[in-house]
Amino acid sequence: MNHIKTTDSTKTKPVLFFPVCGRANLNNRIVGGQDAPAGFWPWQVSLQGSRHFCGGSLINNQWVLTAAHCFPRIRSSEPHRIAQVSRTITTLIVHPNFNSATQNNDIALLQLSSPVTFTNYITPVCLCCQLINLLLLLVSLPAPQTLQEVQIPIVGNRRCKCSYGASLITDNMMCAGLLAGGKDSCQGDSGGPLVIKQNIRWIQAGIVSFGKGCALPNFPGIYTRVSQYQTWINTQITTNKPGFIAFTSTGTDSDLSVSCTRVLPIA
């Protein structure tokens, strides 16, 4: 049987309000490229068969958001215990339009066998229902032993298409990473959250999906754009709905001026 575990023990007015979402009470600073202290990312989940294979994020007390592509490779076995709280998966819902060839609609929901109790170390993340000029986010990533975290900038979809090709990057995706390379998500991080802080709440904007290699120059990581799936998530979770919060930024969208041989300039 496959298991799911939290890897930590413990609105701006929301469009849909879940009163405790996005609160990381033990984390009051921005960090990057290092081990994550216990309790900093209290929604982080480790998906485990015989060992960790993917990440996820707690979005209410009985549902986890992750990547659809994690599941063809699951093998049933007892988990290696590396976390504070363990639950089995009773329901797996993969997005009906997930395309394993293109990774479009790379999103899935998992229902836990029983609810978890919220503490400073176990808290759901808020979900992004609107993206406006996202500039900088922080990725908290699951690792087989110590949870990792890294701060990376958003790369606009137009710039991302210059690297990957216009047909590969869809509106259901977003990109993040250093164009110089060196910081990125990698194997084992799939399904984990890309989050941004707004006031006192953390909002999940992306789900680790795929990329070319890991941390290669000019090839940022590609993430499922959570805001595209608000209706689908609310259709699947009929009670105790997750909290969706609109994120806005006053920054300038430099992606509008990007052009390359694969992407024509905006007229």
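# A walk through the rings, sulfurs and odd corners

Start by selecting Trp41, Trp43 and Trp202: ring pairs link these residues into a cluster. (Rings of Phe, Tyr and Trp, the last by its six-membered ring, pair if their centres lie within 6.5 Å; planes under 30 degrees apart count as stacked, over 60 as edge-to-face and the rest as tilted.) Before you go on, know that this is a predicted model, where local features need pLDDT of at least 70 and side-chain atom pairs count only at pLDDT 80 or more, while totals for chains, interfaces and linings use all residues. Residues are numbered from 1 along each chain as its sequence is written, and side-chain values use heavy atoms, with hydrogens and water left out.

**Stop 1: the aromatic pairs**

How many aromatic pairs does the structure hold? There are 3. Zoom in on Trp41 and Trp202: their ring centres are 4.9 Å apart and the planes meet at 85 degrees, so this pair is edge-to-face. The two come from distant parts of the chain, 161 residues apart, with Trp41 in the loop between strand 2 and strand 3 (44–48) and Trp202 in strand 13 (residues 201–210). (Helices, H or I with at least four residues, and strands, E with at least two, are DSSP runs numbered from the N terminus.) Both Trp41 and Trp202 are buried. (Buried means under 20% relative accessible area, exposed over 50%, and partly exposed in between, with a 1.4 Å probe and protein chains only.)

Now select Tyr164 and Phe219. Their ring centres sit 5.2 Å apart with planes at 85 degrees, so you are looking at an edge-to-face pair here too. Tyr164 belongs to helix 1 and Phe219 to the loop between strand 13 and strand 14, so the pair ties together parts 55 residues apart in sequence. Tyr164 is buried at 13% relative accessible area, and Phe219 is buried at 18%.

**Stop 2: the sulfurs**

Next, colour the cysteines. A disulfide is a covalent bond between the sulfur atoms of two cysteines. A search of the whole structure turns up 4 disulfides, counted as pairs of cysteine sulfur atoms within 2.5 Å. Here are some to click on.

- Cys21 and Cys126: the sulfurs are 2.0 Å apart. The torsion about the S-S bond is about 90 degrees, so this disulfide is right-handed. Cys21 is in the loop between strand 1 (3–6) and strand 2 (34–35) and Cys126 in strand 8 (residues 126–132), so the link ties together parts 105 residues apart in sequence. Cys21 is buried at 0% relative accessibility, and Cys126 is buried at 0% as well.
- Cys54 and Cys70: the sulfurs are 2.1 Å apart. With a torsion of about -95 degrees about the S-S bond, the disulfide is left-handed. It links distant parts of the chain, 16 residues apart: Cys54 in strand 4 (residues 52–58) and Cys70 in the loop between strand 5 (63–66) and strand 6 (85–94). Cys54 has a relative accessible area of 0% and is buried; Cys70, also at 0%, is buried.
- Cys162 and Cys260: the sulfurs are 2.1 Å apart, and the link is left-handed, with -100 degrees about the S-S bond. Cys162 is in helix 1 (residues 157–164) and Cys260 in the segment after strand 15 (244–248), so parts 98 residues apart in sequence are tied together. Cys260 is partly exposed at 27%.

Which cysteine sulfur is nearest to that of Cys128? It belongs to Cys129, 6.3 Å away, and Cys128 is in no disulfide. Looking from the other side, the sulfur of Cys129 has its closest cysteine sulfur in Cys128, at 6.3 Å, too far for a bond. Cys128 is buried at 0% relative accessibility, and Cys129 is buried at 16%.

**Stop 3: a buried arginine**

Select Arg225, in strand 14 (residues 221–225). What is the nearest side chain of opposite charge to Arg225? It is Asp171, 6.6 Å away, and the buried Arg225 has no salt bridge. (Lys and Arg count as positive and Asp and Glu as negative, while His and the chain ends are not counted; a salt bridge is a side-chain nitrogen of Lys or Arg within 4 Å of a carboxyl oxygen of Asp or Glu.) Show the backbone of Met173 as well: its oxygen lies 3.1 Å from a polar atom of the Arg225 side chain.

**Stop 4: two positive phi angles**

Most residues other than glycine have a negative phi. Asn105, not a glycine, has a positive phi of about 60 degrees. Find Asn105 in the loop between strand 6 and strand 7 (108–112), where Asn105 is buried at 10% relative accessibility. Finish at Ala215, whose phi is positive too, near 60 degrees. Ala215 lies in the loop between strand 13 and strand 14 and is partly exposed, at 23%.

Definitions and conventions:
Polar contact = N/O pair within 3.5 Å; in protein donor to acceptor, adjacent residues only side chain to side chain.
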